[in-house]
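Open your viewer and keep the selection box handy. We will go stop by stop, with a word on what to pick and what is there.

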Amino acid sequence: MDPHRKRTIRLAVALSAAVLLAGALIYTSFSAATAARTPSQLARQASPGRSYQLTGKVVTGSIHHEGAVLLFRVRDRTGSTSVPVRYAGAVPDPFRDGREIIVDVRRQGTTFVGERDSLVTKCPSKFSASKRPGAA
Amino acid sequence: MATLGRACILLAFGIALYGIGASLYGARGPAGRRRAWAESGRRAVFALAGVLTVAFVVLEAAFLRSDFSFDVVATHSSTTTPTFYKGAAMWSSQEGSLLLWVWLLSLWSSVALVVARRRVREAQPYATAVLLGFAAFFGALLIFYADPFAISSPAPAEGAGLNPLLRHPSMMIHPPMLYSGYTLFTIPFAFAVGALAARRLDAEWIAVTRRFALAAWFLLGVGILLGARWSYVELGWGGYWGWDPVENASLMPWLTGTAFLHSAMIQEKRGMLKVWNVSLVLATGTLAILGTFLVRSGILDSIHAFGASTLGIPFLILIGLMVGGSVWLVASRRVGLRSEHRLDSLLSREAAFLLNNLVLVGLCFVIFWGTFFPLISEAVTGQKAAVGPPWFDRYTVPLALLLVLLAGIGPVIAWRRATAANLLRNFRLPVAAGVGMAALLAALGAASHPAALIMFAAAAFVLAAVGQEFWRGTRARRAMTRESPPAALAALVRRNRRRYGGYVVHAGIAVLFVGVAASSAFQHARDVRLSPGQTTRVGGYDVRYVRPTARLASEKISLGAVLDVRKHGRHVTTLRPTRGYYPSMDPSLGPVGRYFDGQATSEVGLRAGLRRDLWMAIEPDLSSLQPVVRDADRRFARARPDVQALVIAAVAARYERRPPPATFRIIISPLVTWIWLGALVVMAGALIALWPAPLALRRRASAGYAARVARELGRA
């Protein structure tokens with residue numbers, strides 16, 4: 001076969017494969033993505049069975065255990081609206097009252113059930129580079 | 001001392017700006033004065049390294065002295081922080097880590113300019129200007145956004161302490177390793193820009209910077225490995241990789257760097273893939289800056305992102321400049337970057353390397369897309385959404401399988417065109433090993449996990465291919481020299497360090513992926529709530545909660561458990577997982593309560609073995625302790641510190657005496673140790689490849705290279 005034609009065919013095959021893969025990537029990421037929601041957004045509107053990524057702060061005094069299941073409430077970062085969460089799985093070390101968390105949840109009745117091992121706790125602000133009063 | 005440190009940063013910024021000007025004038029100014037200005041710009045890099053070393057030492061000394069007049073020391077260390085961690089607490093802060101970054105950049109840049117002194121003369125001034133440009137950028141951040149020498153007035157009596165999660169030896173070495181990798185990757189980036197700007201588009205810039213790219217790849221790999229190890233033993237979830245944005249940020253430049261190390265060989269040997277190589281290096285340098293940006297800006301939700309910061313905009317401007325400049329340079333020099341040869345056949349080592357590159361870049365793109373998907377989704381749909389580990393696994397598992405397979409094909413397939421005889425001769429044994437392994441494992445019942453089974457077969461294929469290459473090389477050498485087999489093997493590796501070091505890396509990667517596949521597919525994990533005396537069964541092991549433990553140390557209260565592990569009634573091991581509670585600095589939480597409202601860390605119970613790891617973590621239920629804690633806080637709020645210490649000890653003793661149920665995470669995970677062993681083999685291979693060749697061999701290699709350059713010049 002003519003070498004130029006051979007190269008053109010190779011390029012066309014490679015580009016087609018790349019376009020197909022990119023298409024698959026885009027399609028699957030949008031269809032498999034978990035929408036990020038605040039507690040007040042979820043309290044207003046959450047379809048049963050659909051997965052959401054809940055972000056907010058753990059309500060102080062709300063953490064309880066029921067066997068190996070963890071029960072707690074999550075509130076808005078700046079606000080008091082909160083939703084109840086039932087969660088089983090790995091609990092990160094920094095998890096505690098008042099800490100900012102991210103957890104994948106699905107609505108079941110009035111409660112949001114966390115997906116196993118999806119709980120992420122951000123490092124406490126104590127260790128961020130916050131300025132002390134009076135810092136020069 | 002803070003004034004000295006700040007003066008050094010200001011001076012460093014001034015030196016960097018001067019050096020950029022001198023280097024660019026040296027590159028483009030009047031011919032007669034060029035060399036002097038370029039040399040002056042070069043010396044500015046050494047001066048920068050000296051000044052930043054002083055700044056680094058000033059801040060490090062402040063941490064070691066617990067000088068809380070330094071704001072960054074007061075917020076990231078304390079008098080009770082162990083000395084080892086005091087020394088490393090610097091890079092747990094935004095300010096300290098940025099200083100570490102620019103200091104390492106200045107050191108590595110100095111080394112690079114010494115090594116490249118008499119080479120790539122036209123490109124070097126541009127490369128110097130680029131390196132100093134990075135230094136000026138980070139210097140500006142330290143001056144205008146994150147001053148490491150800010151003063152607390154009055155100085156507090158005690159500091160906040162180091163984040164307990166970071167109190168792990170590997171975590172202390174992890175950031176300098178990652179930053180060394182990132183900063184070393186800016187060196188090939190700078191020389192590639194220099195080569196493009198000076199239109200010196202032969203392979204010399206690759207020959208000069210290849211060792212730096214390899215060192216960057218090695219150190220970044222060590223950093224990633226240490227991070228994975230820390231995650232496994234310290235974070236209390238039992239995994240070593242979670243597709244977290246910050247983990248991904250370090251993996252992306254490592255993947256493109258790996259691709260470059262392979263494709264650079266094609267350009268050096270055959271003058272092909274010039275556009276591809278230069279693009280890979282530019283992408284890798286940009287991804288290294290992107291990695292720093294992701295950690296430091298807090299733009300994506302991650303356990304590592306230490307809150308939002310104001311660094312996002314400057315970093316975005318820098319990344320925009322790097323991307324825009326790179327695209328313009330490559331596009332404007334495309335004619336000079338044409339390949340000298342074409343791919344002769346798809347059955348050739350060049351084609352295998354190209355496919356390996358496409359897989360690595362594909363992996364990088366998948367990870368990039370998944371990591372930044374929350375921002376992409378917000379831009380497209382107006383709503384933030386994220387993809388989780390299953391999405392990453394869907395793409396990375398098949399690509400990783402293909403990559404491991406190529407790690408076996410690359411070393412044995414012929415250059416230019418493989419004939420049927422060549423294929424038969426070189427692939428007979430590796431294919432037999434792979435097929436044999438697959439058949440054996442299928443017979444043992446592993447067919448239920450096809451991805452793992454294919455990975456084991458691919459790993460056997462790679463190990464056989466690499467073993468065959470070592471055996472053939474040793475045999476050929478013995479035939480010539482009559483040396484003993486060990487002497488012939490050692491001489492073979494010594495005289496071909498890059499080649500055989502690379503083969504060792506491939507073998508290590510195969511071992512590492514066997515560990516990943518086995519521990520992912522055949523793991524048994526269970527979260528269970530137990531009271532003392534109760535037993536649970538996980539993965540064929542009986543785990544009995546024997547008794548609780550409570551210990552009061554100077555910095556924390558440790559609550560834990562003694563677990564007796566048995567199999568078929570026979571004692572296997574005793575594990576003691578604990579959870580350490582570090583006090584909060586907020587005095588309003590009470591003398592006892594502040595321990596349980598502060599930071600907690602897991603000390604896992606781990607029995608590591610070649611066949612399997614037994615991993616256990618505890619989460620005590622503190623709800624029954626809360627009334628006691630509240631009562632103690634109320635009654636002893638104003639008591640003397642020694643009395644409060646006794647009360648804390650009494651609370652801990654009460655937990656031991658009347659223990660509530662605790663939640664345990666129990667994981668039986670096969671072959672995890674193979675991951676760490678495989679990584680050690682990879683490191684050993686990288687060190688072999690990095691180690692300088694004997695002088696005589698270097699001379700011979702450089703003579704060969706000079707001949708090739710002469711041929712190229714003759715052709716031009």
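Two strands count as paired here if DSSP finds at least two bridges between them. Helices (H or I, at least four residues) and strands (E, at least two) are DSSP runs, numbered from the N terminus. This is a predicted model, in which local features need pLDDT of at least 70 and side-chain atom pairs count only at pLDDT 80 or more, while totals for chains, interfaces and linings use all residues. Residues are numbered from 1 along each chain as its sequence is written, chains are lettered from A and ligands numbered from 1 in the order in which they are written, and side-chain values use heavy atoms, with hydrogens and water left out.

**Stop one: a hairpin in chain A**

Select residues 69-75 and 82-87 of chain A, which are strands E4 and E5; they run antiparallel and are joined by 6 bridges. Look across from Leu71(A) and you will find Arg86(A) in E5(A). Now move to the 6 residues between the strands of this hairpin, where Gly79(A) takes a positive phi near 160°.

Next, add residues 111-114 of chain A: this is strand E7, and E5(A) pairs with it in the parallel sense over 2 bridges. Here Val85(A) stands opposite Phe112(A).

**Stop two: where the chains meet**

Show both chains. Counting contact as heavy atoms within 4.5 Å, chain B brings 63 residues and chain A brings 46 residues. The size of an interface is often given as the accessible area lost when the parts come together. Between chain B and chain A the buried area (accessible area, 1.4 Å probe, that two parts lose on being put together, summed over both) is about 4500 Å², and carbon and sulfur atoms give 52% of it.

Which residues form a salt bridge with the closest N and O atoms 2.7 Å apart? Select Asp527(B) and Arg116(A) to see that pair. The rule, a side-chain nitrogen of Lys or Arg within 4 Å of a carboxyl oxygen of Asp or Glu, finds 1 salt bridge across this interface. Then color helix H12 of chain B (residues 349-381): with 7 residues, H12 gives the largest share of the side of chain B that touches chain A.

A strand pairing also crosses between the chains. Strand E1 of chain A (residues 34-37) and strand E1 of chain B (residues 385-386) pair in the antiparallel sense over 2 bridges. Center on Thr34(A), whose bridge partner in E1(B) is Ala386(B).

**Stop three: an open sheet in chain B**

Highlight E2, E11, E10 and E9 of chain B, in that order: these 4 strands form an open sheet with antiparallel pairing. Its edges are strand E2 (524-530) and strand E9 (605-607), each pairing on one side only. At one of these edges, E9(B) pairs with strand E10 (residues 612-620) of chain B in the antiparallel sense over 3 bridges, and Gly605(B) stands opposite Met616(B).

**Stop four: a loop residue in chain B**

Finish at Asp147(B), in the loop between helix H6 (124-144) and helix H7 (169-197) of chain B. What does Asp147(B) form a salt bridge with? The partner is Arg6(B), the closest N and O atoms being 3.2 Å apart. Arg6(B) belongs to helix H1 (residues 2-28) of chain B, so the pair ties together parts that are 141 residues apart in sequence. Turn the view a little and follow the side chain of Asp147(B) to the backbone nitrogen of Phe149(B), which the side chain reaches at 2.8 Å.

Note on methods: Polar contact = N/O pair within 3.5 Å; in protein donor to acceptor, adjacent residues only side chain to side chain.
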